[in-house]
Amino acid sequence: MPRVRAGAVAIALIATAACSIAPIEDPGIGAGGLTTTVYAADGSVLTEWHAEEDRVLVAYSDLPKHLVDAVVAIEDRRFWIHPGVDIRAMARAAKENIDAGSVVEGGSTITQQYARAVLLTDDVTIERKTAEIGLALRLEETLTKQEILERYLSSVFFGEGAYGVSAAARRYFGKPVESLTLDESALLAGVINEPTTLNPYDNPEGALQRRDLVLDTMAELNWIEPGEALAAAAAPLSLIPRGSADRMLHPYFTDEVRRRLLENPVLGDTPEERYRLITSGGLRVYTTLDPQTQIAAEAAMASVIPAHGPSGALAAIDPRNGHVLALVGGRDFYDTSDPIAQFNLATQGRRQPGSAFKPFALAAALQAGVDLDSTWPGGRAAYIRSPSGVWQVANYEDAYYPGLTLREATVFSVNVPYAYVADWIGADTIASMAEAAGITTPLDPVPSIVLGTQEVSVLDMAAAYGTFATGGIQIDPVLVTRIADRDGTVLYEHVPTFTRVMDVSVATEVNATLTEVVRRGTGQQAKIGRPISGKTGTTEGNFDAWFVGYTPELSAAVWVGYPEGNRAMNAPDTPFSVTGGTWPAQIWSRFGLAALSGIPYATAASADGAATVTARIDTSTGFLAGPLCPRGEVADVVLPAALVPSIVCPIHNPEGLAVLQDGVVPAVDSYSIVEAVSLLEAGGYEVQLAWDDDSALVPGTVLGQVPAAGSVLSPGGIVQVIAAGPEPGTVVPNVLGRHRADAIARLEADGQRVTVILLDDPDGSTGSLHVWAQVPAAGEPVSGRATVWVSP
């Protein structure tokens with residue numbers, strides 16, 4: 001009799017519900033907030049931001065079959081055949097309730113659970129049950145079974161703040177839902193019934209018992225083989241550490257993105273409105289971070305700076321579009337023992353750049369008409385009159401230098417000539433040039449600005465040096481390219497602006513000079529086997545050390561120092577006195593080698609056969625990709641030759657920017673050997689060098705090329721460049737009159753071991769620390785050993 005009475009109750013509930021509920025529209029997942037997802041440039045997920053409810057929508061097509069089967073098997077095994085309500089299950093539940101004298105079992109189908117979750121409350125009453133049944137029946141008329149299951153698995157609670165199986169997969173297993181294994185799927189399916197009681201972190205035994213019940217049920221229904229069930233039941237419980245799902249990937253970058261979004265008025269009028277939208281609006285935030293470049297940056301920092309040494313920061317930008325590719329703002333963002341671990345040294349930190357600021361003075365001087373080869377006074381110190389009194393300037397380690405050209409003063413980072421440059425062009429001119437190039441921190445136009453006494457950020461330095469890389473075109477750094485809401489509507493899209501802030505000729509001379517800094521000056525430890533431009537910087541007292549360098553595709557700034565400031569990087573705290581030419585340059589070298597691996601300077605179309613060609617296309621515009629096109633939008637596309645675009649993308653590349661002509665050898669006879677090789681490599685050509693010992697021209701001057709300029713040659717072909725002078729490394733260079741450091745660098749570059757003898761010049765005509773004699777003499781064959789006599 002109780003079973004008949006229970007069945008009658010179930011039928012009565014269904015009949016009442018069917019008569020009392022009007023048709024409804026698709027309720028989606030209800031009014032709950034949605035988790036925001038942040039993507040890297042390659043589409044991978046960097047992090048997800050949420051408030052108390054971590055809720056992520058999932059598409060049915062992303063659900064593994066064994067996950068769908070596990071949920072249906074344990075929650076509603078007749079889901080695929082009932083109309084939204086399972087009379088048999090309701091009758092069983094009604095009997096249990098009658099026997100207990102209260103409502104102890106619901107007998108709800110997946111459709112009913114979904115209706116309750118998004119449209120009703122969790123109150124256990126007959127009225128709520130009647131409404132739930134009615135909604136389930138109507139939902140089955142509105143939605144397909146797959147749509148219902150998709151919405152159910154996007155809204156059901158799995159514990160640990162996770163709403164929806166996508167959030168649960170990440171929170172418990174640290175993986176996307178499509179990667180869940182059978183045992184993991186069974187565990188999540190088992191948690192649905194009692195997410196708090198069966199929380200696998202708090203009750204692993206109960207969660208595993210429930211998992212095994214799910215597996216047995218699936219085998220009983222013949223949805224998996226018994227052997228599969230046994231194998232899955234034998235799998236250990238492998239959860240990620242509790243709370244680690246909330247840790248951001250590459251946190252210094254992602255946290256900076258969040259900080260900037262909270263300041264973006266497009267997302268709300270107040271910080272509170274922006275926070276709610278960011279944590280509950282289900283936004284999709286697309287960023288510029290390149291994961292491989294970021295990994296290279298983190299690895300380079302960790303490989304050079306000792307575990308208990310100073311901190312470091314690195315910012316890397318694609319100078320062609322301003323995209324921030326990598327950002328390292330400290331040692332460990334999640335280090336609970338470090339009170340400033342989450343202070344971003346790359347973006348929030350402000351430190352003196354030292355001589356790394358000199359290129360802005362160099363650019364300002366060249367823009368004002370100063371000749372790069374003009375000579376400026378030397379000495380150990382300079383005394384410059386200023387409105388605040390006499391400004392005394394000394395060279396690093398009080399070294400003496402004779403009068404130097406502006407070029408040589410930059411290459412060897414000599415302070416005294418630059419003090420006179422600042423006095424001649426004015427500190428305000430230097431400040432204006434730095435600001436135009438991309439320095440955003442306030443600059444006080446005092447004479448000492450030329451030596452980098454004004455504080456700047458690492459990100460600003462990377463961006464400002466990028467202005468040199470683009471030939472004088474300033475582009476603001478950008479971390480976020482686009483933001484879309486939960487429906488795909490674009491709320492924000494970055495539109496880059498290009499501003500010419502210096503003449504092309506000025507940028508060209510700066511680039512050539514900074515290339516020499518790395519080739520033979522203070523930045524030699526930054527070499528990466530291809531031409532780069534850069535500058536070292538070391539502040540007084542060795543508190544801060546910098547190297548900022550760039551190629552046409554990458555501009556990166558490296559800072560090393562103690563976060564608390566005013567702590568010298570000298571022994572015993574560090575193995576030696578850290579300067580810009582040591583650890584920062586080494587970090588840049590290791591980073592640059594990895595970040596630029598496989599990336600040519602530029603790429604033109606290349607023939608793959610008579611019918612088709614492979615062309616590098618900016619897929620966002622359809623034009624040939626130029627050097628300023630976004631990396632993420634550029635792809636190699638195979639097209640019929642007649643369909644290859646003939647115009648370089650004008651959207652991202654400003655008018656007047658030189659672009660190589662596809663498959664045509666450029667003229668290089670007007671360039672230095674370094675520039676000639678760079679230009680040909682940019683066209684995709686392999687370069688072979690030949691040397692003419694009989695030429696009367698300055699060694700390194702390009703005499704000719706084969707094939708000739710204008711010849712048709714597909715990328716990958718060989719271009720021979722003939723240069724004046726003996727082949728480097730075969731004869732001893734002339735180092736007479738050169739500073740000791742310069743002489744040693746030149747001789748060691750040719751593979752010679754150098755012995756230095758400090759002895760007064762008999763004629764007394766050679767300045768301190770300069771070479772007055774050498775053996776072997778200049779022009780003689782390299783023997784492997786060289787001796788130089790240097791005035792004390």
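## Helix α19, end to end

The expected span of a helix is 1.5 Å times one less than its number of residues. Try that on α19, which runs over residues 504-520 in this predicted model. With 17 residues, α19 should span 24 Å, and its end C-alpha atoms do sit 24 Å apart, so the two agree.

Quite a lot of α19 is tucked away: its buried residues are Val 506, Ala 507, Val 510, Asn 511, Thr 513, Leu 514, Thr 515, Glu 516, Val 517, Val 518 and Arg 520. That list holds a charged pair, as Glu 516 and Arg 520 are both buried. These two form a salt bridge, with the closest N and O atoms 2.6 Å apart. They are 4 residues apart in α19, which means about one helical turn separates them.

## The nonpolar cores

Val 510 of α19 also turns up in the largest nonpolar core, a set of 86 residues. Together with Leu 261, Phe 360, Met 461 and Tyr 465, Val 510 ranks among the residues with the most contacts inside this core. The element that gives the most is helix α18 (residues 458-469), with 8 residues. Where does this core lie? Both domain 2 (249-254 + 281-353 + 456-502 + 522-599) and domain 3 (358-454) give residues to the core, so it lies between them.

Phe 360 is a good place to look around. Leaving aside residues up to four places away in sequence, Phe 360 touches Met 433, Ala 434, Ala 437, Ile 439, Met 461, Ala 464, Tyr 465 and Phe 468. There's also a second, separate core of 51 residues, including Ala 73, Leu 143, Leu 153 and Ala 167.

## Two buried loop residues

Gln 454 sits in the loop between α17 (427-437) and α18. Its relative accessible area is 13%, so Gln 454 falls under the 20% limit for buried. A polar atom of its side chain lies 2.7 Å from the backbone nitrogen of Asp 444. Beyond residues up to four places away in sequence, Gln 454 touches Arg 351, Gln 352, Pro 353, Pro 442, Leu 443, Asp 444, Val 446 and Ile 449.

Asp 86 is another loop residue, placed between α2 (65-75) and α3 (87-100). Buried or exposed? Asp 86 is buried, with a relative accessible area of 7%. Its contacts, again not counting residues up to four places away in sequence, are Asp 76, Arg 78, Thr 109 and Gln 112. Ile 110 is 24 residues from Asp 86 along the chain, and their C-alpha atoms are 9.9 Å apart.

## Salt bridges

Side chains of opposite charge can pair when their charged atoms come close. How many salt bridges does a search of the whole structure find? The search finds 24. One of the pairs is Asp 69 and Lys 65, at 2.7 Å from N to O. Both belong to helix α2, 4 residues apart, so about one helical turn lies between them. Asp 69 is buried at 10% relative accessible area, while Lys 65 is exposed at 59%.

Helix α11 (residues 251-261) has a pair with that spacing too: Arg 260 and Glu 256 are 4 residues apart, about one helical turn. Their salt bridge has its closest N and O atoms 2.8 Å apart. Arg 260 counts as partly exposed at 34% relative accessibility, whereas Glu 256 is buried at 2%. Salt bridges also link up into a network, which joins Glu 48, Asp 54, Arg 170, Arg 171 and Asp 246.

How values were computed
Residues numbered from 1 in each chain as written. Predicted model: local features only at pLDDT ≥ 70, side-chain atom pairs only at ≥ 80, totals over all residues. Heavy atoms only, no water. Core = buried A, V, L, I, M, F, W, Y, C linked by side-chain atoms within 4.5 Å. Buried < 20%, exposed > 50% of the residue type's maximum accessible area, 1.4 Å probe, protein only. Domains from an automatic or database assignment. Contact = heavy atoms within 4.5 Å. Polar contact = N/O pair within 3.5 Å; in protein donor to acceptor, adjacent residues only side chain to side chain. Salt bridge = Lys/Arg side-chain N within 4 Å of Asp/Glu carboxyl O.
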